[in-house]
Amino acid sequence: MATRADVEKGGVRKEPGKVPSPLYPQHEGEREWVPWIVPVFFVANITVFVITMYANNCPAHTTQQPRDGKCIARFLGRFSFQPLRQNPLLGPSSATLTKLGALVWEKVVHEHQGWRLLSSMWLHAGVLHLVANMLSLLFIGMRLEQQFGYVRIGAIYLISGLGGSVLSSLFIRNHISVGASGALFGLLGAMLAELLTNWTIYTNKAAAVTTLLFVVAVNLVLGILPHVNNFAHIGGFLTGFLLGFVVLMRPHFGWMERYSMPAGAACTSRKYLVYQWALMAVALVLLVVGFAVGMAMLFRGANANDSCTWCHYLSCVPTASWTCTN
């Protein structure tokens, strides 16, 4: 029989290894966060693009080089887009993107502008590029932030973007790179890691993994087209995948459902399973080592293509319709 002291503490005395039988019905639910960091990222990307187009001022520059064609949507004034032969994505010039922080290997390594590893993820090559990335951000990021909160999702987004920039700089030297694709692929990688490390709480596991892998594979295949920086995609995905094991671990099914089980049924007192801790430890080590080695190689001026002669095919595969240059 429960004593008065037991009632005031909210339940009866528990027997080790047994599901408690609380005096008051209780369900162990998870907090649902109100997303705000993803909308902030969304607005920030759009704001930076508007600033980029203002700084670009196409009419003031194309008048000096008429052979390049006329600005697109001239009614927008200085916000009009570069001629299609210069930028088919309806955006600014390469010179403007470089000036505002695009990822350029020469400037990062020899001019000590490491800040470009982060600034480049806020720039976009054009309206089409921006719209595609922002729709992906809202579709993927909002739900993740509702489940895991702004700190973890914000960290995955930013660190994955950095990881994409580092890998990109190791393989691509002669082209500029911009966009949030690395950060977005990081969110996809984190989703896959979260599914694997929290395997016990999901139903239809095979279908979920297959669907997610299919989405990732399609996007990576599209990345082998010319003018698409697939190394940023791969670097962001791998970074987010490892981060997912570290920061998105959730209690296993038995622990989450312990109060919904019949009173007196055997249950575990462990909140997380051994394999979850093991995955977290391995992922954390790989993440730290990967960033340390990558940064060291980058600022030492190493060319990763020398160590991996076939890796350039991961970003562009030459065909009869196009060629690939680095």
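These exercises treat helix packing and salt bridges in a predicted model. Local features need pLDDT of at least 70 and side-chain atom pairs count only at pLDDT 80 or more, while totals for chains, interfaces and linings use all residues. Residues are numbered from 1 along each chain as its sequence is written, and side-chain values use heavy atoms, with hydrogens and water left out.

**Exercise 1.** Determine how helix 8 and helix 9 are oriented to each other, and list the residues in contact.

Solution.
- Step 1: Helices are DSSP runs (H or I, at least four residues), numbered from the N terminus. Helix 8 covers residues 181-197 and helix 9 residues 205-222.
- Step 2: The axes lie 10 Å apart at an angle of about 155°. Axes are lines fitted to C-alpha atoms over the stretch in contact, and angles run from 0 to 180 degrees between N-to-C directions.
- Step 3: Helix 8 is therefore roughly antiparallel to helix 9 (an angle over 145 degrees).
- Step 4: Contact (heavy atoms within 4.5 Å) involves Phe185, Leu188, Met191, Leu192 and Leu195 from helix 8, and Ala208, Val209, Leu212, Leu213, Val216, Asn219 and Leu220 from helix 9.
- Step 5: By class, this gives 11 nonpolar, one polar and no charged residues. Nonpolar covers Ala, Val, Leu, Ile, Met, Phe, Trp, Tyr, Cys and Pro; charged covers Asp, Glu, Lys and Arg; the others, Gly among them, are polar.

**Exercise 2.** Do the equivalent for helix 7 and helix 12.

Solution.
- Step 1: Helix 7 (residues 127-171) packs on helix 12 (residues 274-299) at about 45°, with axes 10 Å apart.
- Step 2: The two helices are therefore oblique to each other (oblique being what is left after under 35 degrees, 65 to 115 and over 145).
- Step 3: Helix 7 contributes Ile159, Leu162, Gly163, Val166, Ser169 and Leu170, and helix 12 contributes Phe291, Gly294, Met295, Met297 and Leu298.
- Step 4: The contact has eight nonpolar, three polar and no charged residues.

**Exercise 3.** Find the salt bridges and state whether their residues are buried or partly exposed.

Solution.
- Step 1: A salt bridge needs a side-chain nitrogen of Lys or Arg within 4 Å of a carboxyl oxygen of Asp or Glu. The structure holds two.
- Step 2: Glu111 pairs with Lys107 at 3.6 Å, N to O. Glu111 is partly exposed at 39% relative accessibility, and Lys107 is partly exposed at 22%.
- Step 3: Glu194 pairs with Arg250, with the closest N and O atoms 3.0 Å apart. Glu194 belongs to helix 8 and Arg250 to the loop between helix 10 (230-247) and helix 11 (253-256), 56 residues apart.
- Step 4: Both Glu194 and Arg250 are buried. Buried means under 20% relative accessible area, exposed over 50%, and partly exposed in between (1.4 Å probe, protein chains only).
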